[in-house]
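Biologist: Hello! Could you walk me through this model and tell me where its descriptions come from?

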Amino acid sequence: MTFPLSGVKVLDLGDEPVAFASRLLAGLGADVVRVEHPGGDWLRSRGPFVNGEPGLERGLAHILYNAGKRSVALDCESPAGQSQVRQLIEQAAVVIAPLDVPAGLRDILEAGAFAAAYPNVGLVQPVFRRNSADTATDLTAVAAGGQMYLNGDPADPPNYAAGNLAYKQVSLAASLAAVTMVMEAAAGRPPGRVEVCMQEAVMWTTIQTANENYAYWGQRSPGRHGLGSVSGQTIFLTADNKYVSLYHHPPAFLPFARWYAELFGDDQYTRAPWDDDLYRMKHGAEIVEITQRTCGSMDRLTLIAEAQKRSMLCVPVQDVSDIAADQHLRERDFFQRVRIEQLDQELEVFRLPFTTSAYEAAAAPPPALGAHTEEVFREWCGAASPVEARR
Amino acid sequence: MTPQPLAGIRVLDFCWMIAGPLTTRLLADLGAEVLKVESMARVDRIREVGVQPSPPHAETNGVFNDCNVNKKSIMLNLGVPRGIELAKALVAKSDVVTSNFTPDRMDRWGLGYEHLKPVKPDIIVASLPVMGLKGSKSSWRAVGNGVVAMAGLNAHTGFPGREPFGLGTLLSDFTSPYLGALQIAAAIHHRNRTGEGQFIELAQYEATIHLLDTELIEYTVNGDTPQRAGNSSRNYAPHGAYACAGDDRWIAISVRDHAEFVALCRVLGLDDLAKRPGLETLEGRIAARNELDAAISARTASMDDWALAKALQAAGVCASPVENVGDLVNRDPMREGFLEEIDHPAGISMLLQHEPITWNGDRLPISRAPFLGEHSASVYSELLGMDDDEIAELAAEGVIS
């Protein structure tokens, strides 16, 4: 298997918002070296933990987001540590910077100084808002980007969705930028500096449901839709008290109407005026009623099998236990066991979604804190030890 | 001018709807020439569904325009044999082929990877199916809201003891494109180094599961199923959206440590809470969550969300108004630079979203989405050497149509 980024050196100075970016690059074969404080960083110390027991090697966020990376432990607040970071930067193709830059790295990562010192090294820098020193957590970033306002029931406060979605979005944009910077360098051009804005990255996710032109053309500011989205209610309860997501894609409405007629002896929905998209939209409450009646008349498995047979868009609303039990994912080797030496344990994790004819992403363990310090300085800098590298 | 790392790359793009077209939009933004293949027999539904100015116009849909900037549109009917021949002739002149149909559609047209490799041995073929090509549910159909539901985002969003909430954004449509473009860019880099093409499959279901935080790994490692937690967090407290003065106005506040908690209390005039023992630790603040949220809400209720966010940021506390699209377009300085106002040939002006990046301080260039078939004549003539008569004939025969 040939990974497309094999041999590409990525220096990961990032914090939590961009941890997923360097994880993706590692999944594509890049040699990702994470610089961590000798005392461990936030990703290692935040819960939840393996078996609920705290520990720098036991954080599940660390196991998830640092998979496939190597770890170098350096104190960036000390002059010696800063000098070592500079040596690593010199060897890297791309550096991923953190959102909250620690004091010890500020001079190094300042855009002008970095460009002057390392013209052949790409710098990917996340910011919360453009031209602002404000900082953010995932919550305040999804709020600033217009995404949070859209989640939940209109009667409730805007709802914070699962998943650290602002961190994910900024990481996705950062990873694509990093790869294209590597391509620039390969073409003999300076890779330069890319600034990725969290607020803008989040707003990008609202292109459909709250497109900027709603406000620009003076029509409206879309709000919250409770059990559905801008296209109406999509979440319904089945007879066995489980939820499905059922969206009436227009071409699949007639098959649904015929099925409804079979089930309940009422065939009015198979005919005009119900064949008209706009008419159905205007009578959404009635559509919701007959959809709920259908869903409530059988268990979830039967409903989905029958609906899919009829080309309807109907799938389960799954929680993590449903996902872990999904045979489809098992058949695709999505879940894999990895041995984590530092825990002396084998854990079930899941691979990245990269499957190609050239390579298939495999689950990988996270690094033990500082486990690769000597090795990385030897391989990247040709030094026997970080101490020697410093000379 | 910003770098154009994908300049010289030609993408033959059979994608429609949102996730696929946004994937190729990302490539186009970075300099690739993207040929969006369209047909009267199979018009991209997103041309028709989405926000429109008044009166509406066939080419001014805001969603379609955001998804398809920087591309060319050519007509090609794949329902006739000559259409398939032309498609293959275009593949021979392309570097990348993209599609997001149900798994076997391209194969049935004779345009699968195995069919295209003989036409162009180093071709990169990328498919973004919902479930993936392999596996017992590969034929399942879903669009964004279903993909998000399967991936666990709905089930783990909402308030304890209540139903799972719908998300206001169909997330997978906006995250899969990055993963797709990432893989395609990496494949081009690989081809440039080795001369090898490849077939890429990005299953949107798998991609969207990666939007979860630790919920799934908690289950596979510890056997725990985290419950819906409303707006609270296990890592930060206080953490939530608090009502402010005005209709449906909210501020999001997220406190990472005790120093920030003290700063929050000072700004809100909650000095007693700042001094109260037991709130120095995350555990202490989580235990007092309901009381703290009530005290904060009592103060924010009469305050202006924007002014308060500014005061809190100045005090070092992460805060933002919960902005709606009206705020982003009409009030937030972010509009400058990120939202490009263009004059559309239909006689209106509209906004387009840039990439959320700047490269060496500059925005990537942006030009409006193509009209249906706008570039048929130029593309067929330049790439396949057809003259006007030939193109007109094929149009009349329903091939370039």
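Modeller: Gladly! This is a predicted model, in which local features need pLDDT of at least 70 and side-chain atom pairs count only at pLDDT 80 or more, while totals for chains, interfaces and linings use all residues. Residues are numbered from 1 along each chain as its sequence is written, and chains are lettered from A and ligands numbered from 1 in the order in which they are written.

Biologist: Among contacts in chain B between residues at least 6 apart in sequence, what percentage join residues at least 24 apart?

Modeller: The value is 67%. Two residues are in contact if their C-beta atoms, placed from the backbone, lie within 7 Å.

Biologist: What makes a residue of chain B count as buried, and what percentage of chain B is buried?

Modeller: A residue is buried if 20 or more other C-beta atoms lie within 10 Å of its own, exposed if 12 or fewer, and partly exposed in between; here too, C-beta atoms are placed from the backbone. Of the 401 residues in chain B, 58% are buried.

Biologist: How many residues does each chain bring to the contact between chains A and B?

Modeller: Chain A gives 121 residues and chain B gives 116 residues. On the chain A side, the largest share, 14 residues, comes from helix α8 (residues 165-186) of chain A. Helices (H or I, at least four residues) and strands (E, at least two) are DSSP runs, numbered from the N terminus.

Biologist: Why are strand β6 of chain A and strand β12 of chain B called paired?

Modeller: Two strands pair if DSSP finds at least two bridges between them. There are 3 bridges between β6 (residues 193-197) of chain A and β12 (residues 357-359) of chain B, so the two strands pair, and they run antiparallel. Within β12(B), Ile357(B) is the bridge partner of Val196(A).

Biologist: And why are β9 and β11 of chain A called edge strands?

Modeller: They are edge strands because each pairs on one side only. The open sheet has 3 strands in the order β9-β10-β11 (chain A), with antiparallel pairing. Between β9(A) and β10 (residues 243-247) of chain A there are 3 bridges, and Leu237(A) stands opposite Tyr243(A) in β10(A).

Biologist: Which helix packs on the sheet, touching β9 and β10 of chain A?

Modeller: That is helix α13 (residues 284-295) of chain A, whose direction makes about 45° with that of β9(A). Axes are lines fitted to C-alpha atoms, for helices over the stretch in contact, and angles run from 0 to 180 degrees between N-to-C directions. Helix α14 (residues 300-309) of chain A lies across β10 and β11 of chain A, at about 155° to β11(A).
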